[in-house]
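The following paragraphs lead the reader through one protein model, from single residues to the spaces enclosed between helices. Please keep the sequence and the structure in view while reading.

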Amino acid sequence: MEDKSRIALLDALRGLAVLGIFLCNIPLASEPHAVATSLTEWPHGLEPASVSVWWVTQVFFQQKFYTLFSMLFGVSILLVGGEEKGGLLLKRLLSLLVIGALHGALLWNGDVLTYYALIGLVVALARTWPAWRLLAVGIALDVSMSLATGFKIIGETIDPPVPQPPDLAAQAIAGARYGGTFAQSLAQNLADYRQVLSHVWLQWPSNWPLTVAALMLMGMGLFKLGVLSGRVSAGVWRALAAAGLFCLLIAALPFALYVAAPDHPDTLSDLARWIQRATAPIIGLGYAGLLVLAARSSLWKAIPAALAPVGQMAFTNYIAQSAVMTVLFYGGRGPGLYGKLDRPALAAIVVATWAAQILWSRWWMSRFAMGPLEWLWRWAYRGRVRLRRKT
């Protein structure tokens, strides 16, 4: 079971992933989705500090941490279900599906738990495959999705589509409702959640779910090979770290050119995002390599040690991040800051939340066996379990 099979490396990686994802999520909760990740359409202008935060987010964070988290979710399928029929795993994923739907509808529309639960139900069917088959199928599927995106970019470069002007009126209405009463912000969140679901699931082929499935398969394969379980030599981790840093340099260049170009051409933006997406798995594993090497260093080992408790209660911390965002931004819940903060202020909120979650997780996990929401989740699919750590 999970408790007996818990691996410190996985906890630290999961903690790193859940913290890194927060910087990518917070613009989506503070501004309309159509402008949240855009450089040129960002409503607060192009001040150097704002552009710098955008560039750092795109180069070092965007795509990398959800990629790493998806691989780790594949590992969790093996840790819970093993290679048996998986009745416990089925209940775990179905309960996660319900929790994710409630999270997306009632708290924040950017929920990913529903997707992970549904995709996990399918990917779990492959958990008996040997490691190399899992890895080969995962890589093939991921490369196929990346190539499809690349061909689409080439096609649109040759025959550019007619540009669609942004629906400023709709954005203004949504912003007013998010900044209005509690009932208005809740209704707008639900409407946007439906729109996000339809965008992800009603297009075919649905790129994002297939990419997540590929990453889960790769994670399962890497775990069986001993990579994500920490059973490989330091040389493997050095190679992964070096490959990740090399790809990071490749991914950083087009974003730097895009920022430096006076007219910020869409073609260069599309190229940068495609390279970002294509290199994300290697960079994510490079981050994992750096974390493992840090754990083996007397100078840097405090970093993975601080991240491990965050990863042990990653579910609680993920939902807590949604609560922080909606309390701060949505109307009727707090100061109602929706649409009012530039990127540096958002980054400051993220850094403060990181510090709070690291300290809170360390305090909690020193006293309890799991996070509070992890405990409720296990109660939902496994029955009553002990929360307080045994003396």
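Is L271 buried, partly exposed or exposed? The model is a predicted one, and in it L271 has a relative accessible area of 36%. Because buried means under 20% and exposed means over 50%, L271 is classed as partly exposed. This leucine belongs to helix α13. Its C-alpha atom is separated by 7.2 Å from that of P254, although the two residues are 17 places apart along the chain.

A second leucine, L19, may be set beside L271. L19 is part of helix α2, and with a relative accessible area of 6% it is buried. Which residues is L19 in contact with, once its neighbours within four places in sequence are left aside? They are L307, V310, Q321, W354, Q357 and I358. With I358 the separation in sequence is 339 residues, while the C-alpha to C-alpha distance is 9.3 Å.

The discussion now turns to the nonpolar interior. The largest nonpolar core has 97 residues, and the members that touch the most others are L228 and F329. Helix α2 makes the greatest contribution to this core, supplying 14 residues. The surroundings of F329 can be listed once residues up to four places away in sequence are excluded: this phenylalanine touches I26, A29, S30, Y178, G336, L337, Y338, L341, L346 and I349.

Next come the enclosed spaces. How many cavities of 30 Å³ or more does a search of the whole structure find? The search finds two. The largest cavity holds about 100 Å³ of space. Its lining consists of 14 residues, and those closest to the centre are L23, P27, A36, T57 and R343. Three helices, α2 (8-30), α4 (48-61) and α16 (343-365), each provide at least two residues of this lining. By class, the lining of the largest cavity comprises nine nonpolar residues, four polar residues and one charged residue.

The second largest cavity contains about 30 Å³ of space. Its walls are formed by Q63, Y66, T67, D142, T211, L215, R277, A280 and P281. Helices α5 (64-81), α11 (207-224) and α13 (266-295) each contribute at least two residues to this lining, with α13 giving the most, namely three. Four nonpolar, three polar and two charged residues make up the lining of the second largest cavity.

One of these lining residues, Q63, also deserves attention for its backbone. Most residues other than glycine have a negative phi. The phi of Q63, however, is positive, near 75 degrees. Q63 sits in the loop between α4 and α5. Where is the place of H264, another residue with a positive phi? H264 is found in the loop between α12 (234-260) and α13, and its phi is near 45 degrees. With a relative accessible area of 14%, H264 counts as buried, since the limit for that class is under 20%.

Pockets, which are open, are considered separately from cavities. The second largest pocket has a volume of about 360 Å³. It is lined by 15 residues, and L16, F65, L291, I303 and L307 lie nearest its centre. Two or more lining residues come from each of α2, α4, α13, α14 (302-312) and α16. Among these elements, α13 provides the largest share, with four residues. The lining of the second largest pocket is divided into 14 nonpolar residues, one polar residue and no charged residues. L307, one of the residues nearest the centre of this pocket, is also among the contacts of L19.

The cysteines remain to be considered. Why does the structure hold zero disulfides? A disulfide requires two cysteine sulfur atoms within 2.5 Å. The cysteine sulfur closest to that of C24 belongs to C247 and is 18 Å away, so this pair is too far apart for a bond. The search from the other side leads to the corresponding result, because the closest cysteine sulfur to that of C247 is in C24, at 18 Å. C24 is buried, at 9% relative accessibility, and C247 is likewise buried, at 10%.

Terms used. Residues are numbered from 1 along each chain as its sequence is written. This is a predicted model: local features need pLDDT of at least 70, side-chain atom pairs count only at pLDDT 80 or more; totals for chains, interfaces and linings use all residues. Side-chain values use heavy atoms; hydrogens and water are left out. On a 1 Å grid over the protein atoms alone, a cavity is a set of points where a 1.4 Å probe fits but cannot get out, and a pocket is an open set with protein on both sides within 12 Å along at least five of seven lines; lining residues have an atom within 4 Å of a point. Grid points are joined across faces, edges and corners, and a volume is the space filled by probe spheres set on the points. Ala, Val, Leu, Ile, Met, Phe, Trp, Tyr, Cys and Pro count as nonpolar, Asp, Glu, Lys and Arg as charged, and the others, Gly among them, as polar. Buried means under 20% relative accessible area, exposed over 50%, partly exposed in between (1.4 Å probe, protein chains only). A nonpolar core is a set of buried Ala, Val, Leu, Ile, Met, Phe, Trp, Tyr and Cys residues joined through side-chain atoms within 4.5 Å. Contact means heavy atoms within 4.5 Å.
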